[in-house]
Amino acid sequence: MTVPEPSPARPRRSLRELGWALSLIVRAAPGPAALVLLCTVVAGVLPVLSGWLLRVILDAVAGRAGHAGHAGTGAVMPAAAGFAAVGLAMTLVQELGSFASNTVRRTVRFRANAMLYERLTVIRGIGLLEDSDFQNRLRLAGDAADAAPAQLLRSLISSVQGLVQVVGWLFALAAVWPPAIGIVAAAVAPIVPVRLAVGRQQAELVVRQAPRTRRQLAFRMLMADARSAKELKVFGAERFVADRVLHEITLMNEQEAVVDGRLLRRQSVLGAIEMSATVVAIVVAASLALHGRLSPGGLSLFLGAAVGVQNGAFAVAAGFGWVRASVLVFRALRQVLSQAPDVPEGTIAAPALSRAIEFRDVWFRYRDDLPWVLRGVNLTIAAGGSTGIIGTNGAGKSTLIKLLCRLYEPHQGCILWDGVDIRTLDLDSLRSRISAVFQDFVPYDLTAAENIAIGDAAAGSDDERITAAATKAEAHEFLARLPNGYGTLLSRHLPPDGTEKTAFLSGGQWQRVALARAYLRDRADLLILDEPASGLDAEAEQALLDKMADMSTMRTTVQISHRMSTQRWADQIYVLADGVVVERGAHEELMAADGVYAALFRMQFDGYVSRRR
């Protein structure tokens with residue numbers, strides 16, 4: 001994702017986004033945020049007050065009334081007590097401000113993450129999640145939710161506190177020797193634009209590096225994940241992936257080095273300006289003191305004010321630079337939070353399927369610059385029957401199912417549920433009528449019971465339903481033997497929480513767990529099985545076929561499979577090739593037609609017989 005070039009409207013946009021970020025902080029923790037602001041202002045005033053009190057002490061010790069309006073040493077004790085009180089107040093205010101700031105940080109982090117994950121639930125399809133630009137924004141949005149509130153708060157505290165100090169020290173300079181304001185202002189003037197420019201470059205660097213950070217983490221996970229590591233180790237490709245990680249890090253380092261080089265050059269110039277300003281301030285103050293125009297206390301206040309204005313101005317500029325960085329990251333969060341739903345919501349409750357599901361002239365491709373995956377598909381899934389869909393890889397079989405589940409939207413044509421366009425149906429009610437096992441099912445890092453309960457969130461605490469689903473999927477026996485039974489954590493990555501024990505499952509066992517998820521949603525009208533026997537042995541496959549034959553008499557079933565043997569029980573079989581339906585009929589009809597289906601069936605059968613021999 002590229003960062004847009006500066007434009008006249010850009011500052012206004014940044015201010016709007018800063019206002020949005022501040023409103024998020026205030027809404028999340030109004031009391032602690034107000035306390036942070038109060039402590040920040042007080043912390044900015046106290047050093048100036050300390051400088052004034054030090055002036056009084058020095059003038060009193062010198063035996064002069066000076067500009068403080070006190071005579072002799074009688075003012076020393078009250079001023080000294082005040083000086084000590086200010087020092088104690090600084091410590092207390094700093095600690096109280098830190099406590100309030102941490103409270104705000106925790107509260108805002110929770111609120112921002114809650115908003116982010118709530119918005120992700122509104123993204124009902126998977127097209128956006130496959131978009132690289134959206135993933136970049138999503139990563140930055142995650143950073144915004146986790147770390148940007150704290151960074152923004154620190155930056156604002158630094159800026160406000162620095163601004164209060166600048167104003168306070170300028171008043172001090174005006175009281176001691178008004179022309180000093182011009183000298184200090186001339187020294188400070190170059191600091192602000194340079195520091196703001198550096199902050200802008202650092203902020204844009206964060207955004208530019210988001211894609212490389214994602215790639216680096218992806219390659220790192222390939223080496224750390226057991227499922228991908230087994231191939232990398234066998235094929236000797238670990239060094240290849242490691243080099244890709246190091247390549248991304250090298251490019252990120254090069255980008256950072258460019259920004260750091262600019263920062264070094266500009267900071268060197270700023271350092272020279274600050275040093276020159278300090279020397280000028282010392283010379284001027286010393287000259288005034290030697291000519292009797294500054295008391296010892298006035299000299300101390302003058303020098304402290306000159307340095308304080310410079311430090312305060314630097315804090316303001318540096319703080320605003322990091323505010324800019326935080327705003328850019330918050331922009332990604334706001335973009336994700338304002339993301340329109342990718343799958344429009346219908347309003348009609350999906351009725352129980354009683355007649356058929358129809359695909360009418362359905363066209364689909366994953367991007368406008370990619371070829372069509374489906375090209376005018378027409379097919380009918382009869383209610384209460386079993387439908388098989390076969391075809392070679394890339395024929396569009398799984399895409400059909402994803403469109404039916406409304407994970408994508410067709411570019412042309414429509415899908416009808418008992419004659420009603422599914423785009424007009426309430427999405428939750430539609431999906432509640434569908435149960436599915438996808439070919440690329442997910443082994444979740446959850447307990448065995450939770451892995452099955454994913455199939456129906458309402459069954460999370462219903463042990464009987466979970467056990468019944470596992471039994472139907474031939475999974476109960478091996479799940480019950482786990483160290484903690486169904487409470488065993490099935491993960492190679494997550495550590496147990498102290499009460500859990502972990503265990504690993506084989507591919508075939510995970511396949512049965514995925515089937516149990518589908519069986520758990522036993523109230524669904526439509527059961528979709530995408531390569532349900534891919535991880536099963538011959539005996540388990542036959543048991544699955546028997547169960548599917550029984551289930552097909554109770555609800556509508558759609559099966560996608562490369563294994564022709566699993567399709568023989570289907571009432572109607574559709575053969576897809578190059579995104580279109582080329583054949584349809586029952587097994588006997590298609591074999592008699594001696595077309596694509598018959599050729600594929602004989603090919604697999606002959607191969608199986610030859611292997612048996």
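Reader: What relative accessibility does Glu 474 have, and how do I read that value?

Author: Relative accessible area sorts residues into buried (under 20%), exposed (over 50%) and partly exposed in between, using a 1.4 Å probe and protein chains only. At 42% relative accessibility, Glu 474 is partly exposed. Before we go on, please note that this is a predicted model, in which local features need pLDDT of at least 70 and side-chain atom pairs count only at pLDDT 80 or more, while totals for chains, interfaces and linings use all residues. Residues are numbered from 1 along each chain as its sequence is written, and side-chain values use heavy atoms, leaving out hydrogens and water.

Reader: Where does Glu 474 lie?

Author: Look in the loop between helix H15 (463-472) and helix H16 (476-480). Helices (H or I, at least four residues) and strands (E, at least two) are DSSP runs, numbered from the N terminus. The chain has 20 helices and twelve strands. Of its 613 residues, 45% are buried.

Reader: What is the phi of Glu 474?

Author: Most residues other than glycine have a negative phi. Glu 474, though not a glycine, has a positive phi near 60°. Asp 418 is another non-glycine residue with a positive value, near 50°. Asp 418 sits in the loop between strand S4 (412-417) and strand S5 (420-421). With a relative accessible area of 8%, Asp 418 is buried.

Reader: Which sheet holds S4 and S5, and in what order do its strands come?

Author: Strands pair if DSSP finds at least two bridges between them. Here four strands make an open sheet in the order S2-S1-S4-S5, and the pairing is antiparallel. Strand S2 (374-382) and S5 each have a single partner strand, so one side of each has no neighbour in the sheet. Seven bridges join strand S1 (residues 356-364) to S2 in the antiparallel sense. To find this pair on the model, look for Phe 359, which stands opposite Leu 379 in S2.

Reader: How many strands form the other open sheet, the one with mixed pairing?

Author: Six strands form it, in the order S6-S9-S10-S3-S11-S12. Its edges are strand S6 (434-437) and strand S12 (580-585), each pairing on one side only. Angles here run from 0 to 180 degrees between the N-to-C directions of axes, which are lines fitted to C-alpha atoms, for helices over the stretch in contact. Ignoring direction, neighbouring strands of this sheet are turned by 15° against each other on average. Helix H17 (residues 507-520) packs on the sheet and touches S6 and strand S9 (526-530), where contact means heavy atoms within 4.5 Å. The direction of H17 makes about 175° with that of S6.

Reader: How many bridges join S11 to S12?

Author: Five bridges join strand S11 (residues 572-577) to S12, and the two run antiparallel. Ile 573 faces Gly 585 in S12, and Tyr 574 has Arg 584 as its bridge partner. Two residues lie between the strands of this hairpin, where Asp 578 takes a positive phi near 55°.

Reader: At what angle do the axes of H4 and H11 cross?

Author: Two packed helices are described by the angle between their axes and the distance between the axes. The axes of H4 and helix H11 (residues 296-337) cross at roughly 115° and come within 7 Å. On the H4 side, the contact residues include Phe 134, Leu 138 and Ala 141. On the H11 side, Val 329, Phe 330 and Leu 333 are among them.

Reader: Where is Arg 124 placed, just ahead in the numbering?

Author: Arg 124 is in the loop between helix H3 (76-122) and helix H4 (132-146). Its relative accessible area of 16% makes Arg 124 buried. Beyond its neighbours within four places in sequence, Arg 124 is in contact with several residues, including Asp 342, Glu 345, Asp 428 and Arg 431. For the chain, contacts between residues at least 6 apart in sequence join residues at least 24 apart in 73% of cases.

Reader: How many disulfides are there?

Author: A disulfide is a pair of cysteine sulfur atoms within 2.5 Å, and the count here is zero. Cys 405 is buried at 7% relative accessibility, and Cys 414 is buried at 17%.
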